[in-house]
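User: I would like to learn how to read burial, sheets and helix packing from a model. Can we go through them one at a time?

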Amino acid sequence: MPDVRDASPYDALLLLSFGGPEGPDDVIPFLENVTRGRGIPKERLKEVGEHYFLFGGVSPINDQNRALLDALRKDFAEHGLDLPVYWGNRNWAPYLTDTLREMAADGRRRVLVLATSAYASYSGCRQYRENLADSLAALRAEGLEAPRVDKLRHYFNHPGFLEPMTDGVVASLADLPEEVRAGAHLAFSTHSIPTAAADTSGPAEGHGDGGAYVAEHLDVARTVADAVRERTGVDHPWQLVYQSRSGAPHIPWLEPDICDHLEERHAAGVPAVVIAPIGFVSDHMEVLYDLDTEARARAAELGLPVRRSATVGDDPRFAAAVRDLVLERAAAERGQEVTPCALGALGAGHDVCPVGCCPARAPRPAAAGADSPYA
Ligand SMILES: CC1=C(CCC(=O)O)c2cc3nc(cc4[nH]c(cc5[nH]c(cc1n2)c(C)c5CCC(=O)O)c(CCC(=O)O)c4C)C(CCC(=O)O)=C3C
Ligand SMILES: [Fe+2]
């Protein structure tokens with residue numbers, strides 16, 4: 001049994017996230033940061049800018065990360081885990097490079113990274129590893145001693161991620177009018193990505209037909225649907241659906257889209273749908289606009305009752321799961337035997353992304369993986 005307070009060899013945890021605008025003047029520069037070199041059509045950018053302006057130019061994601069930081073610090077303190085927690089983003093302040101510079105100045109040498117994406121994919125995993133490599137290179141160019149960074153394994157199947165989501169679906173079902181509740185279907189929703197990116201997500205041996213990205217989401221959907229059936233005694237049919245598609249129309253992305261799915265379910269006579277955003281860690285703009293605004297409006301047009309269930313956010317069980325993942329990885333790094341915690345059929349994934357995991361369209365240096373140029 002590893003010491004429940006020993007995070008060595010790590011001396012800090014870094015929350016690594018997407019970042020979002022905090023006012024109207026931030027929206028365009030933020031979108032420029034997000035889309036640099038990503039080939040997104042101009043019209044799509046204008047449209048997405050409007051989503052942010054609809055909410056005063058403020059993405060909720062930064063406040064949600066501040067709440068998660070508070071929850072993590074509280075959980076660590078309550079459990080005697082003396083590990084400082086930092087925060088840096090890919091696309092908005094606090095920028096990752098600035099945070100890593102601060103960590104170096106504070107003398108941090110071994111940093112464990114928690115990304116706010118629970119699944120494998122280029123956007124959710126390797127791109128963050130590329131951001132880490134870029135920032136480490138920037139620190140070195142400044143003559144600073146960059147810390148060593150490792151990344152926590154994907155936590156999609158950790159009970160501390162699945163249990164709050166299950167509670168959310170059960171609560172949304174209970175919130176539906178009684179006469180449609182038992183017949184409700186569950187739509188598990190995640191970010192659409194190009195099918196080519198899905199097919200190559202995860203380790204090379206799992207590539208093909210949706211790759212790890214789709215397999216992991218199906219595992220979560222099935223596990224949550226099973227847990228919901230145990231809790232409610234009702235077997236609600238479910239499907240994995242997608243949202244927030246961008247990119248050029250001739251490039252295939254994962255389907256069906258949530259709005260098309262609602263139409264199809266309504267036409268099939270389904271009386272109600274609970275939308276569960278399993279692809280996201282908090283209720284950020286993808287949830288607020290694409291689900292709570294757009295999908296809800298479509299459902300209202302159809303006269304289809306829908307409820308959107310909560311993401312894990314700063315749930316104390318998620319904070320405890322992060323502590324568990326940190327201690328598990330620390331013990332493994334010290335050479336101790338560990339039994340990683342995971343529900344579902346896939347089991348706990350790799351600690352270190354192997355060579356060829358979630359490849360980029362154009363290869364670039366990525367830290368915190370077997371192909372990292374950094375020790
Ligand atoms: C898999 C995935 C996640 C989940 C995992 C994770 O959380 O990392 C995610 C999260 C997020 N995506 C976000 C925002 C955006 N994503 C975009 C574009 C894209 N996302 C993609 C994928 C993902 N994205 C992809 C394949 C693109 C196409 C361009 C490219 O290949 O890179 C664009 C450009 C405009 C558009 O086309 O939508 C924006 C503004 C925000 C912030 C929200 C807020 O502000 O609250 C968050 C958390
Ligand atoms: Fe995105």
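User: Is His207 buried, exposed or partly exposed, and why?

Analyst: The general idea is to count neighbouring C-beta atoms: 20 or more within 10 Å means buried, 12 or fewer means exposed, and a count in between means partly exposed. This is a predicted model. His207 has 18 C-beta neighbours inside 10 Å, so His207 is partly exposed.

User: Where does His207 sit, and what is His207 in contact with, leaving aside neighbours within four places in sequence?

Analyst: His207 lies in the loop between helix 8 (195-199) and helix 9. With those neighbours within four places left aside, its contacts are Asp199 and Thr200. There is also a pairing distant in sequence: Cys357 is 150 residues away along the chain, yet the C-alpha atoms of His207 and Cys357 are 9.1 Å apart.

User: Helix 9 came up there. How do I describe the packing of helix 6 and helix 9?

Analyst: Two packed helices are described by the angle between their axes and the distance between the axes. Here helix 6 (residues 159-175) and helix 9 (residues 211-232) pack at about 55 degrees, and their axes are 9 Å apart. Helix 6 is therefore oblique to helix 9. Their crossing is right-handed.

User: Which residues meet in the contact of helix 6 with helix 9?

Analyst: From helix 6 come Leu162, Met165, Thr166, Val169, Val170 and Leu173. On the helix 9 side they meet Val220, Thr223, Val224, Ala227, Val228, Arg231 and Thr232. By class, the residues of this contact are nine nonpolar, three polar and one charged.

User: Now the sheets. In what order do the four strands of the open sheet stand, and which strands are at the edges?

Analyst: The order is 2-1-3-4, with parallel pairing. Strand 2 (85-89) and strand 4 (148-151) are at the edges; each has a single partner strand, so one side of each has no neighbour in the sheet. From one strand to the next, the twist averages 30 degrees.

User: How many bridges join strand 1 and strand 2, and what stands opposite Leu16?

Analyst: Strand 1 (residues 12-17) pairs with strand 2 over five bridges, in the parallel sense. Opposite Leu16 is Gly88 in strand 2.

User: What about strand 5 and strand 6: how many bridges join them, and how many residues of strand 6 are buried?

Analyst: Strand 5 (residues 185-191) runs parallel to strand 6, and six bridges join them. Leu186 stands opposite Trp238 of strand 6. Strand 6 (residues 238-243) is mostly covered, with five of its six residues buried.

Note on methods:
Residues are numbered from 1 along each chain as its sequence is written. Chains are lettered from A and ligands numbered from 1 in the order in which they are written. This is a predicted model: local features need pLDDT of at least 70, side-chain atom pairs count only at pLDDT 80 or more; totals for chains, interfaces and linings use all residues. Helices (H or I, at least four residues) and strands (E, at least two) are DSSP runs, numbered from the N terminus. Two strands pair if DSSP finds at least two bridges between them. Axes are lines fitted to C-alpha atoms, for helices over the stretch in contact, and angles run from 0 to 180 degrees between N-to-C directions. Angles under 35 degrees count as roughly parallel, over 145 as roughly antiparallel, 65 to 115 as roughly perpendicular and the rest as oblique. A crossing is left-handed if the near helix is turned anticlockwise from the far one by less than a right angle, and right-handed if clockwise. Two residues are in contact if their C-beta atoms, placed from the backbone, lie within 7 Å. Ala, Val, Leu, Ile, Met, Phe, Trp, Tyr, Cys and Pro count as nonpolar, Asp, Glu, Lys and Arg as charged, and the others, Gly among them, as polar.
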